[in-house]
Amino acid sequence: MKFEAEAPIAPNGLAATFLSEDASLVALANLNAAAVGHARLFSPLPPPGPPKPSRLPAFALLIGLLGAAGAFGLQSYANVVAYPLDIGGRPPFSWPSFIPIAFEAGILAVVLATVVGAGALCGFMRYCDSVDEIRALRDTTIDRWVVVVRAPDSDALARSRSILERCGARAIEEAEL
Amino acid sequence: MTLLGTGSAIEASADHRKPRASDPIVFPAQTISSMTSTICAPPLQRNWPLWWKLSLAGALLFVLILAVAIGWLFYAGIGIWGISWPVVWGFAIINYVWWIAIASGGTFISALFYLAEVEWRGALNRIAETITIFAAACAAIYPILHLGRPWLFYWLFPYPNVMGVWPQFRSPLLWDFAAILTYVISSILFWHFGLVPDLATMRDKADAPRTRRFYGALALGFRGSENAWRYYSIGYGLLAAVMAPLVISVHSIVGLDFAGAATLGWHSTQFPPFFVFGALLSGFAMVMLVAVPVRRLLGLEDFITGRHFDILGKLLLTSSLCLSYAYLMEAFTTFYGPDAAAKRLFIDKVAGELAPIYWTTILFNVLAPQAMWRRSVRLNETLVVLISLLVIVGMWCERYVIVVMSLRRTHLPSAWGDYTPTVWDWMTLFGTIGLFIAGLLVAIRLLPTVSMFEMREVILRHARRHR
């Protein structure tokens with residue numbers, strides 16, 4: 001039986017390493033302006049500038065309010081309906097005393113919603129990704145900035161390389177993305 | 001050379017081991033590369049020195065003592081402790097309040113100062129958060145043990161059950177359960193969330209496949225993409241924004257545990273802020289107490305500098321003054337009010353049988369921190385450790401005064417009693433101290449002690465300023 005040799009896969013992306021944040025940001029901007037493909041920046045610290053708007057805070061607030069309301073409702077149900085106890089003559093619906101637990105439940109709900117929501121958006125638990133094969137990416141969590149670009153064709157790939165070189169990339173690595 | 005090794009970055013810091021007033025937040029010789037290497041070196045080092053092994057062995061011995069004390073408690077019941085009528089809250093509650101206050105200080109540094117965009121926090125927040133985690137764990141043990149039948153602790157959860165009963169939601173003790181549970185869960189999540197980028201650095205710095213897998217699993221696949229950073233920053237900010245009010249609520253509720261009872265010396269509206277002041281003082285003291293040896297032993301002098309000592313000393317002094325005000329108000333309101341029993345209790349505190357404990361509290365919490373007015377004291381590592389230690393002991397004495405002195409002298413003289421802790425009480429106390437130290441030792445062995453991604457921001461910002 002004869003096996004056909006697999007055709008080599010042509011690289012469709014580049015990973016350029018930069019020593020400074022400024023140079024990497026310029027390269028990213030130039031790649032985006034030239035529309036040569038999908039460019040991403042990997043960096044050892046959060047990129048500068050004000051945070052972009054996100055629905056995450058509103059989501060966390062909503063879950064927090066639901067948590068607080070749920071805890072308040074549970075306490076009211078338990079004390080008024082399910083298990084009314086006369087403690088020191090206080091009314092069953094002693095709403096001020098339900099506030100601390102409702103507050104704590106609200107905070108816990110916000111924390112859980114934030115961790116789950118931000119984790120999902122950050123890509124937590126995604127242990128495998130096509131960029132993992134790029135050697136330079138191991139340095140982005142240490143002291144390097146790496147711009148990864150996925151180009152649709154060989155022409156775009158060549159243009160990307162030219163832009164990255166012009167912007168002062170220290171090393172350029174080919175990648176299969 | 002430090003006790004850990006002779007790395008070039010570590011050796012470079014030998015010139016400024018002694019804290020000075022002119023120290024910057026981070027020494028300009030440090031680049032993000034050298035900083036990352038310095039911080040990663042201790043956890044990635046294969047063999048740790050003898051001091052670490054001996055310290056861990058000593059701490060684990062105390063953990064063993066704790067296990068024996070808890071095991072005997074489960075078998076024999078809380079009669080093995082010194083508590084009895086009228087002093088029904090003894091060491092368990094003293095130690096609980098003491099530990100949870102120590103935990104709170106860490107959250108103040110990591111959350112409140114993050115919101116205030118304070119630069120110096122970057123070097124200390126990891127230490128502060130680690131203190132929070134292990135102190136909160138030690139605190140959480142006590143209320144469970146104090147239940148009498150600790151194995152039925154889950155009855156505190158509100159869940160439908162065949163007995164048809166629900167917890168008493170109008171009791172501050174149940175509020176406390178909710179607060180501590182929320183605080184412990186939130187602190188662990190906040191701690192791990194803050195660690196994720198640094199765990200990714202550890203993963204990428206490690207050479208051994210097993211080490212890479214360990215840190216890789218904990219780093220949750222974080223790669224530092226622009227998108228990941230964007231949502232990470234928003235998430236971290238949100239967590240900090242809720243952790244700050246949470247820590248104040250937790251300690252206010254601990255204060256309400258006392259204030260909600262019609263007990264002499266407890267039934268006071270000032271208790272919630274009074275307890276928050278105490279939490280600030282003991283928390284800052286513990287951060288200083290841990291930061292001094294950690295800085296020396298791990299070669300972190302370039303990142304925890306004289307500037308940090310100066311600021312922490314001022315914070316310790318400020319919180320001591322706040323607490324002094326609360327002590328003063330306690331005396332004032334007692335004698336301004338009409339309750340003769342309250343006045344008698346206060347006189348018993350300051351001149352009675354247990355007066356030395358009260359005056360130790362004043363000496364350690366009010367007078368000793370006044371030395372921090374002098375910059376030379378704030379920058380002297382030995383004095384900083386000594387004063388922090390005095391404050392930690394003083395805060396424990398304060399809780400002894402609050403819990404024991406009020407309970408032993410009730411409104412009715414015929415119901416007066418006394419309290420003597422037993423060997424099991426002391427074993428449990430020292431056991432949790434061992435647990436706390438063991439936790440810290442394991443944490444500094446496995447995790448980066450300084451937040452590297454935040455230090456990178458500080459280093460780059462300083463480099464831009466000096467460009």
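**View 1. Salt bridges link chain A and chain B.** The count between these two chains is three, where a salt bridge means a side-chain nitrogen of Lys or Arg within 4 Å of a carboxyl oxygen of Asp or Glu. One to look for pairs B:Arg223 with A:Asp132, and their closest N and O atoms are 2.7 Å apart. Keep in mind that this is a predicted model, where local features need pLDDT of at least 70, side-chain atom pairs count only at pLDDT 80 or more, and totals for chains, interfaces and linings use all residues. Side-chain values use heavy atoms, with hydrogens and water left out; residues are numbered from 1 along each chain as its sequence is written, while chains are lettered from A and ligands numbered from 1 in the order in which they are written.

**View 2. Chain A meets chain B across a shared contact.** Chain A brings 62 residues and chain B brings 60, counting heavy atoms within 4.5 Å as contact. Together the chains bury about 5,300 Å², with 67% of that on carbon and sulfur atoms. (Buried area is the accessible area, with a 1.4 Å probe, that two parts lose on being put together, summed over both.) Which three residues of chain A supply the most of the area it buries against chain B? They are A:Glu104, A:Phe124 and A:Thr141, with 12% of it.

**View 3. Polar contacts and helices on the chain A side of the interface.** There are 23 residue pairs in polar contact across the interface, both residues at pLDDT 80 or more. A polar contact is a pair of N or O atoms within 3.5 Å; within protein, one must be able to donate a hydrogen and the other to accept it, and residues adjacent in sequence count only if both atoms are side-chain atoms. Helix 1 (21–34), strand 2 (38–42), helix 2 (56–82) and helix 3 (99–122) of chain A each supply at least two residues of the side that touches chain B. Helix 3 of chain A gives the largest share, 14 residues. Helices here are DSSP runs (H or I, at least four residues), strands are E runs of at least two, and both are numbered from the N terminus.

**View 4. Chain A is a spread-out chain.** Chain A has four helices and four strands, in the order β-α-β-α-α-β-α-β along the sequence. Its radius of gyration is 27 Å, well over the 16 Å that the globule rule gives for 177 residues, so chain A is more spread out than a compact globule. That radius is taken over C-alpha atoms, and the rule is 2.2 Å times the number of residues to the power 0.38.

**View 5. A cis peptide bond in chain B.** The bond from B:Trp85 to B:Pro86 is cis, with omega near 5°. You'll find B:Pro86 in the loop between helix 3 (50–76) and helix 4 (91–115) of chain B. Most peptide bonds are trans.

**View 6. A positive phi at B:Glu117.** Phi is near 55° at this residue, which isn't a glycine. B:Glu117 sits in the loop between helix 4 and helix 5 (121–145) of chain B.
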